[in-house]
Amino acid sequence: MTITVLVPNETGVAALAGVDGVEAIQYEPGKPLPPGGEKATVLVPGFLSGTDATKLLDDLPDLDFVQLLSAGAENWIPRMPAGVKLSICRGAHGGSTAEWVIGALLYIYREFGPFAQAQGEGKWVHDWVTSGGGTDTLQGKRVLIVGAGDLGEQLVRRLDTFDATSTLVGRRARDGVRGLDELPQLLGDYDVVVLMVPLTTETTGMVDAAFLARMADNAILVNAARGPVVDTDALVAELNSGRLRAALDVTDPEPL
């Protein structure tokens, strides 16, 4: 018996080429299925596919399994036909996402942006650094990570190497993890708040004006989750006032 798997790119075809009993067929989103594609029982949507990709479900009568390449499944859950299994890619992107968070924080604290601009303009900023302007450091910073899954755990490991302290917040308190109900009391005690939660009815709009108001002055909000987790207008108001800073991997809407 041969299992037909629809994959979004040549990488998928190559990855499955040596697997016995598997026929990988590459498709192009928004175009008719290639010959034989309609008999697929497994679908692998492209990375971060939007809602348009879910239209494929209507063209696959024998579909049994959908394997996402991301941890977020909010676009797919409402559309899944009865009996079709849905698998997310939890654990695949924790390391790279944690690296992005570290990079974003170093960019802000070490002020790489202004230095790069000065370099481009041919300016020497040594006097600014030595006169007290200086740069900050990630060392010793207190980081609150909202989301205690693989992403959060990967970030904790990397923050440890920078001598920063971190606290994980999950839906429920457990060993080494604070509960979501404690979040309002925790926010003001941290230099950085990192969002690493899935987009659900509970997390949509979770970071509103009240949430942001509880954060400490000059703190940094890092959104490595989904754009709609944050109330954009409320965040823009805080950023325009200069009280908070932010590093945003995602926004609502996208692009801004």
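**A first look at strand 6 and its surroundings**

Visitor: Which residue of strand 7 stands opposite I145?

Guide: L168 does. Keep in mind that this is a predicted model.

Visitor: How do strand 6 and strand 7 pair, and over how many bridges?

Guide: They are parallel, with five bridges between residues 142-146 of strand 6 and residues 165-170 of strand 7.

Visitor: And how many bridges link strand 6 and strand 9?

Guide: Four, and that pairing is parallel too. One residue to look at is L144, whose bridge partner in strand 9 is V193.

Visitor: What sheet are these strands in, and what is the strand order?

Guide: An open sheet of six strands, in the order 8-7-6-9-10-11, with parallel pairing. Strand 8 (177-179) and strand 11 (245-248) are the edge strands, and each of these pairs on one side only. From one strand to the next, the twist averages 25°.

Visitor: Back to strand 6. Why is it called largely enclosed?

Guide: Because four of its five residues are buried, strand 6 is largely enclosed by the rest of the structure. From strand 6 the chain passes through helix 5 to strand 7, making a right-handed β-α-β crossover.

Visitor: Where does helix 5 lie?

Guide: Helix 5, residues 150-161, lies across strand 6, strand 7 and strand 9 (192-195). Its direction is at about 170° to strand 7.

Visitor: How does helix 5 cross helix 2?

Guide: Their axes come within 8 Å and cross at roughly 50°. The two helices are therefore oblique to each other, and the crossing is right-handed.

Visitor: Which residues of the two helices meet?

Guide: On the helix 2 side they are G94, G95, T97, A98, E99, V101 and I102. On the helix 5 side they are D150, L151, Q154, L155, R158 and L159.

Visitor: New topic: K141. Is K141 buried or exposed?

Guide: Buried. Its relative accessibility is 11%, and the cut-off for buried is under 20%. K141 sits in the loop between helix 4 (126-130) and strand 6.

Visitor: What does K141 touch?

Guide: Leaving out residues up to four places away in sequence, K141 touches Y109, D136, A164, T165 and D191.

Visitor: Which non-glycine residue between helix 2 and helix 3 has a positive phi?

Guide: E111, with a phi of about 55°. This residue is in the loop between helix 2 and helix 3 (112-120), and it is partly exposed at 22% relative accessible area. D163 also has a positive phi, about 60°, and is not a glycine. D163 is in the loop between helix 5 and strand 7, and at 53% relative accessible area it is exposed.

Visitor: What sign of phi do most residues have?

Guide: Most residues other than glycine have a negative phi, and most peptide bonds are trans.

Visitor: Where are the cis bonds after strand 11?

Guide: One runs from D252 to P253, with omega near 5°. Another joins E254 and P255, with omega about -10°. P253 lies in the segment after strand 11, and P255 is found there as well.

Visitor: Last thing, the whole protein. How many helices and strands are there?

Guide: Eight helices and 11 strands. The C-alpha trace spans about 70 × 50 × 35 Å along its principal axes. Of the 256 residues, 39% are buried.

Visitor: And what share of the contacts join residues at least 24 apart?

Guide: 52%, counted among contacts between residues at least 6 apart in sequence.

Notes:
Residues are numbered from 1 along each chain as its sequence is written. This is a predicted model: local features need pLDDT of at least 70, side-chain atom pairs count only at pLDDT 80 or more; totals for chains, interfaces and linings use all residues. Side-chain values use heavy atoms; hydrogens and water are left out. Two strands pair if DSSP finds at least two bridges between them. Axes are lines fitted to C-alpha atoms, for helices over the stretch in contact, and angles run from 0 to 180 degrees between N-to-C directions. Contact means heavy atoms within 4.5 Å. Buried means under 20% relative accessible area, exposed over 50%, partly exposed in between (1.4 Å probe, protein chains only). A crossover is right-handed if, with the strands pointing away from the viewer, the path from the first strand over the helix to the second runs clockwise. Angles under 35 degrees count as roughly parallel, over 145 as roughly antiparallel, 65 to 115 as roughly perpendicular and the rest as oblique. A crossing is left-handed if the near helix is turned anticlockwise from the far one by less than a right angle, and right-handed if clockwise.
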